[in-house]
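This briefing introduces a structure to a reader who has not met it before. Please view the sequence and the model together while reading the points below.

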Amino acid sequence: MESVDNMQEKLEELSLEANVACPVDPFEKMRKAFEEFKAYFKKEKELFDALAQSQHPKWMIIACSDSRVDPALVLGLELGEAFILRNIASLIPPHSKQSGHKSGASAIEYAVEHLKVEHIMIVGHSRCGGIKALLEMKEDGSNRFSEYIEDWIQIAQPASEIAKAKVPHDSPFEELWTCCVKESVNLSLRNCMSYPFVKIPMEKGLLTLHGAYFDFVNGAFDVWKLKCKIDEHQSL
Amino acid sequence: MLRIQNLCFWWNPYTKQSLTLNNFLSRKDQTLVKTLAEGQQPPYMIIACCDSRVDPCTVLNLGPGEAFVLRNIGNMVPPYSSEKACSSAASAMEFAVLFLKVKHLVVIGHSQCGAVRALMGMEDDGSNAFSEFIEDWVLISKGASKKVKDMHRSSPFEEQCTSCEKEVINTSLLNCLSYPFVRQRMASGELTLHGGYYDFINNQFESWDVDLSCTSSLDKFQ
């Protein structure tokens with residue numbers, strides 16, 4: 001893996017100078033927005049004094065990076081309420097000992113073990129580009145279009161298989177798309193459970209897992225819980 | 001409890017602007033809703049921390065459709081690697097830069113970052129390791145931690161952490177630059193990179209640009 005030092009050398013070879021300059025406003029809109037935010041910050045002094053010390057969110061939310069589905073905006077969250085992980089298609093891979101950077105696993109570990117969140121919610125959404133790409137992928141890889149996106153979205157491959165089996169073959173694509181997003185949320189929820197630091201508090205009733213689907217086309221928000229119950233033994 | 005029963009679509013808690021379900025279905029907001037239903041064209045990609053206190057859309061009043069957002073602990077970006085790894089950051093950047101064609105890529109760090117604190121607190125020999133995944137993740141920015149410890153050897157730990165929070169942003173920015181598709185779009189002037197630091201203790205926001213300028217190598221031989 002390239003280190004930052006190697007990167008600097010390579011940039012110099014290309015006769016490019018990378019300067020990380022000191023404070024300059026990059027864009028007018030955000031500067032103005034923060035000025036407005038400061039006024040809110042002053043008004044809610046008690047809240048922000050408490051948050052300056054530490055955070056105690058009860059919720060962890062895993063949402064898609066899609067610009068239309070920011071969970072704070074969708075759910076009207078105050079700052080401090082939810083620890084939020086966002087990636088393409090709100091995916092969580094299963095627990096694995098293989099090396100590699102684990103952005104999801106590290107975030108969940110931190111939220112559950114250190115922040116002691118009581119709820120994890122994974123939110124899928126309508127018209128998810130990542131899930132569409134997954135559904136359109138050819139098995140032989142002949143229509144591969146990216147360096148990283150398909151490798152990432154492959155995490156949800158089992159969800160694609162379930163959705164294709166569930167939805168009638170002649171249904172409109174939108175129906176398959178919606179079903180696959182929901183199955184992907186369920187897959188990510190089950191993958192969450194494969195982490196011991198999630199499974200143990202769940203079994204003790206200290207942590208609840210929720211799935212959700214935000215439909216901004218028709219104006220709906222579905223929520224469901226992941227229940228894991230071992231039935232009573234029955235003699236045959 | 002999350003106020004799901006009072007759900008407003010696209011509600012900003014500090015401006016109190018809301019697009020409630022009634023508005024959503026009424027004629028007044030149909031244009032925005034219909035446009036976003038068809039697709040997204042956000043001008044910004046933001047890479048921010050998961051911390052509950054630093055939601056970038058709330059702090060910077062970004063509405064639906066404005067920012068494609070990647071969030072992980074410590075707002076870290078691993079460097080480009082030719083080994084194909086399943087990477088949330090790389091896939092998100094590739095999608096934002098090449099397909100959404102965002103104009104600005106912003107890495108936002110913040111005060112009191114637990115991930116940076118964990119990084120700064122790690123012993124070199126791993127003797128105080130406490131996690132299965134957290135430490136492996138934050139070691140992406142070990143260069144930042146080493147630099148701060150070398151430069152601010154005698155400073156108190158808290159001050160070192162603050163310096164490291166800013167250094168981690170710069171490490172992430174340089175790592176963004178290690179991706180060929182980021183460099184290419186910057187070179188063509190279609191993409192700019194920015195750093196941001198949100199200090200919620202002092203209610204301040206600093207921002208800075210990454211300059212990528214070309215010098216003619218022939219000049220050096222005259």
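Is F145(A) buried, partly exposed or exposed? In this predicted model, F145(A) has a relative accessibility of 41% and therefore counts as partly exposed, since that class lies between the 20% limit for buried and the 50% limit for exposed residues. The points below begin with this residue and then turn to a nearby helix in the sequence and to an annotated site.

**Surface patch**
- F145(A) lies in the loop that links helix 6 (129-136) to helix 7 (149-153) of chain A.
- Together with L98(B) and F99(B), F145(A) makes a nonpolar surface patch of about 260 Å².

**Helix 6 of chain A**
- The buried residues of this helix are G130(A), I131(A), A133(A), L134(A) and L135(A).
- These buried residues pack against helix 7, helix 8 (157-166) and helix 9 (173-193) of chain A.

**Annotated binding site**
- An unreviewed UniProt entry assigns the annotation "binding site" to C64(A), D66(A), H125(A) and C128(A).
- These residues are spread over 65 residues of sequence, yet they cluster in space, with a largest C-alpha distance of 9.0 Å.
- H125(A) belongs to strand 4 (residues 119-125) of chain A, and its relative accessible area of 1% makes it buried.
- Beyond its neighbours within four places in sequence, H125(A) contacts several residues, including C64(A), D66(A), Y213(A) and F214(A).
- C128(A) sits in the loop between strand 4 and helix 6 of chain A and is buried, at 3% relative accessibility.
- With neighbours within four places in sequence set aside, C128(A) is in contact with C64(A), A89(A), W177(A) and V181(A).

How values were computed:
Residues are numbered from 1 along each chain as its sequence is written. Chains are lettered from A and ligands numbered from 1 in the order in which they are written. This is a predicted model: local features need pLDDT of at least 70, side-chain atom pairs count only at pLDDT 80 or more; totals for chains, interfaces and linings use all residues. Side-chain values use heavy atoms; hydrogens and water are left out. Patches are made of residues with over 30% relative accessible area and no salt bridge: like charges are joined within 9 Å, nonpolar side chains (Val, Leu, Ile, Met, Phe, Trp, Tyr) within 5 Å. Accessible areas come from the Shrake-Rupley method with a 1.4 Å probe; for residues, only the protein chains shown count as cover. A salt bridge is a side-chain nitrogen of Lys or Arg within 4 Å of a carboxyl oxygen of Asp or Glu. Helices (H or I, at least four residues) and strands (E, at least two) are DSSP runs, numbered from the N terminus. Buried means under 20% relative accessible area, exposed over 50%, partly exposed in between (1.4 Å probe, protein chains only). Contact means heavy atoms within 4.5 Å. UniProt positions are given in the numbering used here, feature names are shortened, and annotations may be inferred rather than shown by experiment.
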